[in-house]
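Work through the exercises below with the sequence and the 3D view open beside you. Try each task by yourself before you read its solution.

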Amino acid sequence: GYSIFPRVFSQATVDALNHRLELVLRGEYDTGFRPDKTPKRIKTKMPIVSIDKFSCENGQTMHGKNSDETRTKKLALGYSGNKRKKVLQVINIHKSDRLFRELVTCPLLGMLVAKLMNWEEGARLCQDQIWAKPPGAPPLAFHRDSPYFMFDPSPVATVWIALDNMENELGPLTYV
C-alpha cells in the first residue's frame, strides 16, 4: 500500500534541497565525502582561458596570455547542465551533504515510517537515492523495491519525496 502526505516541507526547504542537489551533482560535497554513486562525468573540450588584463577589486592589475588551446577535461554537470535528457542517480547523498543528511535522518520522519509500518522498535535507513529526471528523459521501468533489499525481517518502506511539482506531463511516480 501507500500513503500520500502532500506539501510536508516548506518551499524554502525544497528550494534549499534543490540547490544542494545541484551542487552535489557538480561534485561539491559540504561534508568532504562522495556519495556511494554519482552520475558519470562527461568529457568535454574546455578552452584554456588566460587573462590578458584583469583588474582586481583592490585596484591591482594582473597580466597574462591569451590562448586558443583546448584541453579535454572530465566535467561534472549538475542537473541544470543535463542537456542529454538522461536520468541522473545519486546513492547515499546523505554522506556528502548535511542538509540531505538532516532530511533522511529526521526523527519525525522515522517515527512516521515506524508507525505506518507497525514497527515497534522504530525505523532505520538502508540508503537514500536521488533520481533527477529532466523533462523528456525516458521513463524508469516498473519495478518492486523489496527484491533489492534482503532484510530479516523482510518488510521495507520506501519514502518518496518529490522536490518538484508532480504534474502528469512530467511523468510522475506511478503505483500499481
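The exercises that follow move from the whole chain to its helices, its salt bridges and its surface.

The structure is a predicted model, in which local features need pLDDT of at least 70 and side-chain atom pairs count only at pLDDT 80 or more, while totals for chains, interfaces and linings use all residues. Residues are numbered from 1 along each chain as its sequence is written, and side-chain values use heavy atoms, with hydrogens and water left out.

**Exercise 1. The chain as a whole**

Task: state how many helices and strands the chain has, and in what order they run.

Solution. Begin with the definition: helices (H or I, at least four residues) and strands (E, at least two) are DSSP runs, numbered from the N terminus. By this rule the chain has three helices and six strands, and from the N terminus on they follow the order α-β-β-β-β-β-α-α-β.

Next, turn to burial, where buried means under 20% relative accessible area, exposed over 50%, and partly exposed in between (1.4 Å probe, protein chains only). Of the 176 residues, 22% count as buried.

Finally, consider contacts, meaning heavy atoms within 4.5 Å. Among contacts between residues at least 6 apart in sequence, 72% join residues at least 24 apart.

**Exercise 2. Helix H1**

Task: compare the span of H1 with its expected span, and find which residues of H1 are buried and what covers them.

Solution. The expected span of a helix is 1.5 Å times one less than its number of residues. Helix H1, residues 11-25, has 15 residues and reaches 21 Å from its first C-alpha to its last, which is close to the expected 21 Å.

The buried residues of H1 are Val14, Leu17, Arg20, Leu21, Glu22, Leu23, Val24 and Leu25. Their cover includes strand E5 (88-91), helix H2 (98-104) and strand E6 (129-132). Just after H1, the residue Gly27 takes a positive phi of about 90 degrees.

**Exercise 3. The two sides of helix H3**

Task: explain why the buried residues of H3 can be said to line one face of the helix.

Solution. First list the buried residues of H3 (residues 107-117), which are Leu109, Val113 and Ala114. Seen down the axis of H3, these residues fall within an arc of 135 degrees, so they line one face of the helix; the arc is that of the directions from the helix axis to the C-beta atoms.

Then ask what lies on either side. The buried residues of H3 pack against H2, whereas the face turned away from the buried side carries the exposed residues Pro107, Leu108, Met111 and Lys115. Just after H3, Asn118 takes a positive phi of about 60 degrees.

**Exercise 4. Salt bridges**

Task: say how many salt bridges the structure holds, and which parts of the chain the pair Asp30 and Arg98 ties together.

Solution. A salt bridge is a side-chain nitrogen of Lys or Arg within 4 Å of a carboxyl oxygen of Asp or Glu, and the structure holds five of them.

One of them joins the side chains of Arg26 and Glu22, at 2.8 Å from N to O. Arg26 is partly exposed at 33% relative accessible area, whereas Glu22, at 16%, counts as buried.

Another joins Asp30 and Arg98, whose closest N and O atoms are 3.8 Å apart. Asp30 lies in the loop between H1 and strand E1 (42-47) and Arg98 in helix H2, so the pair ties together parts that are 68 residues apart in sequence. Arg20, Asp30, Asp97 and Arg98 are linked in a network of salt bridges.

A further salt bridge joins the side chains of Asp36 and Lys95, at 2.8 Å from N to O. This pair links distant parts of the chain, with Asp36 in the loop between H1 and E1 and Lys95 in the loop between E5 and H2, 59 residues apart.

**Exercise 5. The surface**

Task: find which residues make the nonpolar surface patch of about 690 Å², and where Trp160 is placed.

Solution. Accessible areas come from the Shrake-Rupley method with a 1.4 Å probe, and for residues only the protein chains shown count as cover. The chain exposes about 13700 Å², of which carbon and sulfur atoms supply 54%.

Patches are made of residues with over 30% relative accessible area and no salt bridge, where like charges are joined within 9 Å and nonpolar side chains (Val, Leu, Ile, Met, Phe, Trp, Tyr) within 5 Å. The patch in the task is made by Tyr2, Ile4, Trp160, Met166, Leu173 and Tyr175. Trp160 is in the segment after E6 and is partly exposed, with a relative accessible area of 45%.
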